Amino acid sequence: MHRRLIVPSALAASLLLAIPASAADYAPGAPGIGDPYYPASGNGGYDVSHYDLRLKYQPKTDLLEGTATILATTTQNLSRFNLDLGLKVSEVRVNGKKARFTATGDHELEITPATPLEKNRSISVVVRYAGKPSQLKIGGWTAWHRTPDGGVAAQEPDSAVWWFPSNDHPLDKATYDVSVSVPDGTQAISNGVLQSQSSRLGWTRFNWRSDKPQASYLATLAVGKFDITTDKTDKGLPVLNAYSKDLGANTGAARASIERTAEVAEWLEEVFGPYPFNALGGYVPNVTSGYALETQTRPFYSPRQFANGANVSVVVHELAHQWYGDSVSVDGWKDIWVNEGFARYSQWLWSEKEGEGTAQELADYVYAQHPADDPFWTVKPGDPGPDKQFDLAVYDRGALALQALRNEIGDEDFFTVLKGWPTAYAYGNAKVGDFVRYAERVSGKPLAGLFDTWLYQPTRPAAPAAAASRIARSSAATAKPVQPKSWQKIAATNTIHDHGHDH
């Protein structure tokens, strides 16, 4: 038998390999994901793949009790990490073991696992929590709507911290199972497909599944008493729409609009390509807000959107977001044009389809409405700043940029871009610059100057630039464009971006 001799230097090396990483090699995950608009949003050090939320909600008292199981992968050696949550936590377990935790700031939950977590490790985090979401205010505002018969979570850019712990930023998308127990006679509505429903001892549990990556702000919960309609599209996609039973005079107009969801989605597939998710629908709870939101697979609509009658244009806007904003989400909140410019332009395309004014006519009219000294032109849709993120200019000036692009590269390439982009970036994130480069690849034309003019310059494009883009040629002369027939319907959706708080 031969004995292997280990010299001292070799022995030392082998011992080093056997020693685990020291505490100095582990560090806390960042308390923010790095978004300059919202430094406290999201967290660093891990990536979530799935949320399993098991909830119980009492409408009379607004008490929400929850157990969240979060599946994630570490992206660094972690000594500690954060989740975003505003409600009170009673217990946290990491990989089955109790972890220390503390609440800091407005919505930071700092978690210290029993043993540090190595990079690239799959982990499970269980958080037990409870509270009354309507009593939680962050920066003086709330994302939780109290209704006469329940409550609703729907807000942008934040809503998750009011009802579940998360890595609260669009960069960390995940799939969801949401199971909600409510008193018999009350319904709980969330994203995706209703998997099952059961009743026991006076409580009914609804189990929802959203099986494609979803940003945390696009997760929604609505508890109340609803009239629900269900159907299937020709392709077998389940459609579920819900209306609070106490919408009053807005009931008919809301139904006349939302019940066209499948029709609008089929048309949008012609423009943007295959619908990217497992369900369709919308819901209208009895809230006092005026905005709508593209909550994934099931947009939220305020009753006030239908105060003047049916308005399919708002349905077009929110469903367009399923491709532009939900499937392809912002990389950072400064990239909001990737969401809103396209959703607004989809309204212009719907007007064109319905014979109520072409996108060109709408572009001309928008341009003419805002003289050179209008603050509208000082907002830069490509990077508007957090205070102007949902300014009307992001929507209308953002749509002007798309009409300028259409005129520059022609309809064939333009609609190839609109359809190809959601496929190229499906279920991911993208920057404004990514879209510019994609449009250049498809068209074979340099487009940086065009986008700089319409998205980044804080001035009204002068007559030559507008004329070069074939926008507002008539307003460069003496005549003013005639108001397109669809204008009032589209303008009625301007409150779509009025989220009711200072961002």
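Let me start with helix 3, whose buried residues pack against strand 18 (238-244), helix 2 (251-258), strand 19 (280-284), helix 4 (312-320), helix 5 and helix 7. Before going on, I should say that this is a predicted model.

Which residues of helix 3 are buried? They are Thr-261, Val-264, Ala-265, Trp-267, Leu-268, Glu-269, Val-271 and Phe-272. Helix 3 covers residues 261-272, and its twelve residues should span 16 Å at 1.5 Å a residue. The C-alpha atoms at its ends are 16 Å apart, which agrees with that. After helix 3 comes Gly-273, with a positive phi near 95 degrees.

Helix 2 was one of the packing partners of helix 3, and I picked one residue from it. Ser-257 lies in helix 2. Is Ser-257 buried or exposed? Its relative accessibility is 0%, so Ser-257 counts as buried. Outside its neighbours within four places in sequence, Ser-257 is in contact with Phe-306, Ala-310, Asn-311, Val-312 and Val-315.

Next, a pair of helices. General point: two packed helices are described by the angle between their axes and the distance between the axes. For helix 5 (residues 337-354) and helix 6, the angle is about 125 degrees and the axes are 8 Å apart. Angles over 115 degrees and up to 145 fall outside the perpendicular and antiparallel ranges, and helix 5 and helix 6 are therefore oblique to each other. On the helix 5 side, the contact is made by Tyr-345, Trp-348, Ser-351 and Glu-352. Helix 6 contributes Ala-359, Gln-360, Leu-362, Ala-363 and Val-366. By type, the residues of this contact are six nonpolar, two polar and one charged.

Trp-348 leads to the core. How many residues does the largest nonpolar core have? It has 145, and those with the most contacts inside it are Val-125, Trp-163, Trp-337, Trp-348, Leu-405 and Phe-435. Helix 7 supplies the largest share of this core, 14 residues.

Take Trp-163 from that list. Not counting residues up to four places away in sequence, Trp-163 touches Leu-53, Leu-55, Leu-64, Leu-87, Tyr-129, Trp-144, Ala-153, Val-178, Ala-219, Thr-220 and Leu-221.

Now for the loops. Pro-157 sits in the loop between strand 11 (150-153) and strand 12 (174-183). The peptide bond joining Glu-156 and Pro-157 is cis, with omega at about 10 degrees.

Thr-297 is in the loop between strand 20 (292-293) and strand 21 (300-301). Its phi is positive, near 75 degrees, and Thr-297 is a residue other than glycine. With a relative accessible area of 1%, Thr-297 is buried.

Tyr-427 also has a positive phi, about 65 degrees, although it is not a glycine. This residue lies in the loop between helix 7 and strand 23 (429-430). Where does Tyr-427 fall, buried or partly exposed? At 29% relative accessibility, Tyr-427 counts as partly exposed.

The last residue is Phe-390, in the loop between helix 6 (359-369) and helix 7 (392-424). Its relative accessibility is 6%, so Phe-390 counts as buried. What separates the C-alpha atoms of Phe-390 and Asp-498? The distance is 7.2 Å, for two residues 108 apart along the chain.

Key: Residues are numbered from 1 along each chain as its sequence is written. This is a predicted model: local features need pLDDT of at least 70, side-chain atom pairs count only at pLDDT 80 or more; totals for chains, interfaces and linings use all residues. Side-chain values use heavy atoms; hydrogens and water are left out. Helices (H or I, at least four residues) and strands (E, at least two) are DSSP runs, numbered from the N terminus. Buried means under 20% relative accessible area, exposed over 50%, partly exposed in between (1.4 Å probe, protein chains only). Axes are lines fitted to C-alpha atoms, for helices over the stretch in contact, and angles run from 0 to 180 degrees between N-to-C directions. Angles under 35 degrees count as roughly parallel, over 145 as roughly antiparallel, 65 to 115 as roughly perpendicular and the rest as oblique. Contact means heavy atoms within 4.5 Å. Ala, Val, Leu, Ile, Met, Phe, Trp, Tyr, Cys and Pro count as nonpolar, Asp, Glu, Lys and Arg as charged, and the others, Gly among them, as polar. A nonpolar core is a set of buried Ala, Val, Leu, Ile, Met, Phe, Trp, Tyr and Cys residues joined through side-chain atoms within 4.5 Å. The expected span of a helix is 1.5 Å times one less than its number of residues.
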